[in-house]
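Let's take a walk through this one together. Keep the sequence and the 3D view side by side as you read.

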Amino acid sequence: MTMIKKLLTSAVATAMMVGGAQAEISNDTVKIGYLADMSGTYRDLAGPNGLAALEMAIADFGGKVNGAKIEVVSADDRNSPDVASSTVRRWLENENVDMVAGLVASSVSIAVSDILQENDKLGIVSGSAASSITNEHCTPNHIHYVYDTYPLANGTASAVVKEGGKTWYILTADYAFGHALEGDVRRVVEANGGEIIGTLRHPFPTPDFSSFILQAQASGADVVALANAGSDTTNAINTASEFGVTQSGQTLAALLLFLTDVHALGVEAAQGIQLTTGWYWDMNEETRAWADRFMEKTGVRPTMVHAGIYSSTMQYLKAVDATDSDAAQVVRKQMMETPINDMFAKNGRIREDGRMVHDMYLAEVKTPAESKGEWDLYDIVRTIPAEEAFRPLSESKCPLVTSK
Amino acid sequence: MSMIFGVPLAVLAGQLLIGVINGAFYALLSLGLAVIFGLLKIINFAHGAMYMLGAMSTVILFDALGINYWVALFVAPLLVGAFGVVIEYFLLRRIAGQDHIYSLLLTFGVALLIGGVLTNIYGVSGLRYSMPDVFQGGMKLGFMFLPYYRVWVIVLALLICFGTWFMIEKTKLGAYLRAGTEDSQLMQGFGINVPLLISLTYGFGVMLAAFAGVLAAPIYSVTPVMGSHILITVFAVVVIGGMGSIGGAIITGILMGVIEGLTKTFYPPASSAVIFLVMVVVLMFRPSGLFGKEA
């Protein structure tokens with residue numbers, strides 16, 4: 001009996017010591033690793049300018065947290081889960097990185113979240129689209145911040161169906177993200193009384209969309225929807241404009257479109273397209289003020305991903321400050337308990353599955369006559385409240401939620 | 001409406017036409033590659049980068065100097081061609097006569113450098129280029145809507161292809177070129193400046209790529225990575241046609257455009273692979289390509 005008592009006491013003591021050790025910042029340094037596509041397809045929407053946003057957050061925080069240094073390392077993941085995994089493993093195991101930020105390609109985020117969990121470190125996903133990141137792939141070690149495919153379908157698809165777009169033809173990028181988005185769109189369109197009359201899966205990437213646009217035109221569908229991203233989407237929109245898709249009475253719905261994409265297309269080709277976004281730089285005084293500072297630093301207007309990286313880094317540093325710890329679970333708990341109120345989100349909150357829920361926006365690209373400058377691109381048509389936008393916890397397959 | 005394998009005839013007709021248009025693009029690009037390989041024995045992996053430079057310089061010339069499409073059609077290929085001559089003079093000349101793999105690696109490195117530098121400056125989202133006003137709109141053919149610009153592309157591409165073939169195969173200049181690369185010492189004995197001829201030939205091949213780039217600028221996203229996507233396809237076209245065969249490159253280019261277009265109609269996910277499938281089958285039965293001379 002005494003033996004058991006002794007064991008128990010020492011176990012409790014050890015646990016307390018571990019707990020005590022956690023309540024401080026390791027190595028007197030908070031080290032953040034920024035991992036993103038710095039040179040490929042997703043470079044402009046996240047990339048080097050995302051790093052600039054992260055550095056802005058650190059500078060605005062004062063460069064130090066509770067007297068501890070804040071250090072940043074960064075790397076190009078080349079959109080490869082393999083490259084990303086080995087980089088993050090090195091960072092966590094040899095270089096004392098406490099938090100990994102950026103995380104753009106969904107495949108990269110899913111691979112990295114496993115390594116974060118193994119090492120009990122924290123990751124904040126800001127660029128990825130796949131809603132599975134906080135559904136079947138959720139872990140207690142990462143947070144998904146800016147947006148995902150669920151609100152993209154909820155926002156754009158439901159708006160377009162309600163405006164009378166009953167029959168749909170979907171051009172889908174033939175890989176995991178495209179399939180996920182197509183599935184989410186099908187659900188929303190059918191729930192709202194619409195019908196999918198055809199889908200076409202195109203290779204990723206596709207430089208020439210003329211053949212696919214021709215098939216979409218011939219289908220006679222009310223809506224031609226693009227379940228793809230980046231250059232595939234801009235190429236498809238350009239070709240649709242060349243072949244007169246909207247002039248012949250069909251609606252074009254781009255399900256994932258970033259500010260940088262619309263800027264590259266120009267309002268001439270993109271006018272009237274509806275899209276869902278997590279943030280837009282020209283929404284109010286606060287967003288404009290931040291976007292001005294960002295533009296001074298980078299020369300461009302920020303995407304929702306850039307703004308999200310700034311906001312999430314702030315939320316992270318505040319949590320480290322409040323708890324005086326950089327231990328993943330301590331910080332994550334504090335981040336979840338603190339509502340997010342900044343230039344990115346109002347009353348945003350991080351749920352137990354790691355999803356940051358906040359209002360999303362349905363935007364429409366301005367016409368050349370309405371647009372007053374090269375970055376004056378969107379009209380915000382509608383605010384989609386957080387509860388309506390994101391997958392409800394009742395539908396979640398995340399073990400952190402279902403095991404409760 | 002009559003159907004073929006579940007596809008309406010009208011849709012099929014549209015796809016065939018689009019296939020020919022894209023094929024004209026492939027023909028133009030593979031023609032440049034075939035000229036460079038056929039005459040100089042250089043495997044030019046920088047060809048995609050030169051195509052991209054053609055498109056990028058069209059946009060940059062317009063943004064910076066207000067040079068319009070019609071002028072760019074001449075100026076951009078000349079500028080990029082001159083750049084090609086510089087590369088030939090300072091780099092490729094040093095590995096002349098070495099194994100093909102050296103030219104492949106060297107030009108691949110050049111392509112990576114050019115792509116990297118431009119990505120850093122211009123990003124990857126793409127530069128905007130408006131179509132010239134005369135080409136706005138298109139004609140209704142009954143089975144499809146055909147943009148005027150695509151018609152222009154096919155006419156111009158075919159003209160250039162035919163002109164190049166004619167020059168190399170049927171004129172005296174072409175004869176010098178072919179002879180100069182076969183036996184340069186003999187030709188130098190006749191007082192012909194063979195090194196200059198080689199520089200100019202490389203420059204000309206590069207010009208063809210840049211010209212295709214100018215044609216592409218109004219219809220595709222102009223980005224520093226646009227060349228890398230198309231390069232491998234074009235190489236496959238050249239291999240199928242027979243490395244170095246000028247006529248083979250042109251005919252195969254158009255043929256592959258059509259085959260790809262049909263695949264996009266009947267089974268779209270295979271459309272990026274179908275050309276390679278054809279390549280495998282052709283190489284199994286004719287190792288030197290459809291129009292290549294037996295080795």
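One bit of vocabulary before we start: a residue counts as buried under 20% relative accessible area, as exposed over 50%, and as partly exposed in between. Keep in mind, too, that this is a predicted model.

Try those words on Asp324(A), which sits in the loop between H11 and helix H12 (328-337) of chain A. Its relative accessible area is 32%, so Asp324(A) is partly exposed. Its backbone is worth a look as well: phi is near 55°, a positive value in a residue other than glycine.

Asp28(A) gives you another case of this, with phi near 55° and, again, a residue other than glycine. You'll find Asp28(A) in the loop between helix H1 (2-22) and E1 of chain A. With a relative accessible area of 55%, Asp28(A) is exposed.

Now for the sheet. In what order do the 6 strands of the open sheet run? Reading across, it goes E2-E3-E1-E4-E5-E6 in chain A, and the pairing is mixed. Strand E2 (64-65) and strand E6 (142-144) are at the edges; each has a single partner strand, so one side of each has no neighbour in the sheet. As for what holds such an arrangement together, strands of a sheet pair through backbone hydrogen bonds, either parallel or antiparallel.

Zoom in on strand E4 (residues 99-102) and strand E5 (residues 122-125) of chain A, which pair in the parallel sense over 2 bridges. Here Val100(A) has Gly123(A) in E5(A) as its bridge partner. Helix H2 (residues 47-61) of chain A packs on this sheet, where it touches strand E1 (29-36), E2, strand E3 (68-76) and E4, and its direction makes about 160° with that of E1(A). Helix H11 (residues 304-323) of chain A also runs at about 160° to E1(A), lying across E1, E2, E3, E4 and E5.

Next, move along the chain to the loop between strand E8 (195-202) and H7 of chain A, where Pro205(A) is found. The peptide bond from Phe204(A) to Pro205(A) is cis, with omega near -5°.

That loop leads into helix H7 (residues 210-219), which holds Ala216(A). Is Ala216(A) buried or exposed? Its relative accessible area is 1%, so by the cut-off of under 20% Ala216(A) is buried. Leaving aside neighbours within four places in sequence, Ala216(A) is in contact with Tyr169(A), Val224(A) and Gln250(A). Leu200(A) is 16 residues away along the chain, and its C-alpha atom is separated from that of Ala216(A) by 8.6 Å.

Terms used. Residues numbered from 1 in each chain as written. Chains lettered and ligands numbered in written order. Predicted model: local features only at pLDDT ≥ 70, side-chain atom pairs only at ≥ 80, totals over all residues. Heavy atoms only, no water. Helix = DSSP H or I, 4+ residues; strand = E, 2+ residues; numbered from the N terminus. Buried < 20%, exposed > 50% of the residue type's maximum accessible area, 1.4 Å probe, protein only. Contact = heavy atoms within 4.5 Å. Pairing = 2+ DSSP bridges. Axes fitted to C-alpha atoms, helices over the stretch in contact; angles between N-to-C directions.
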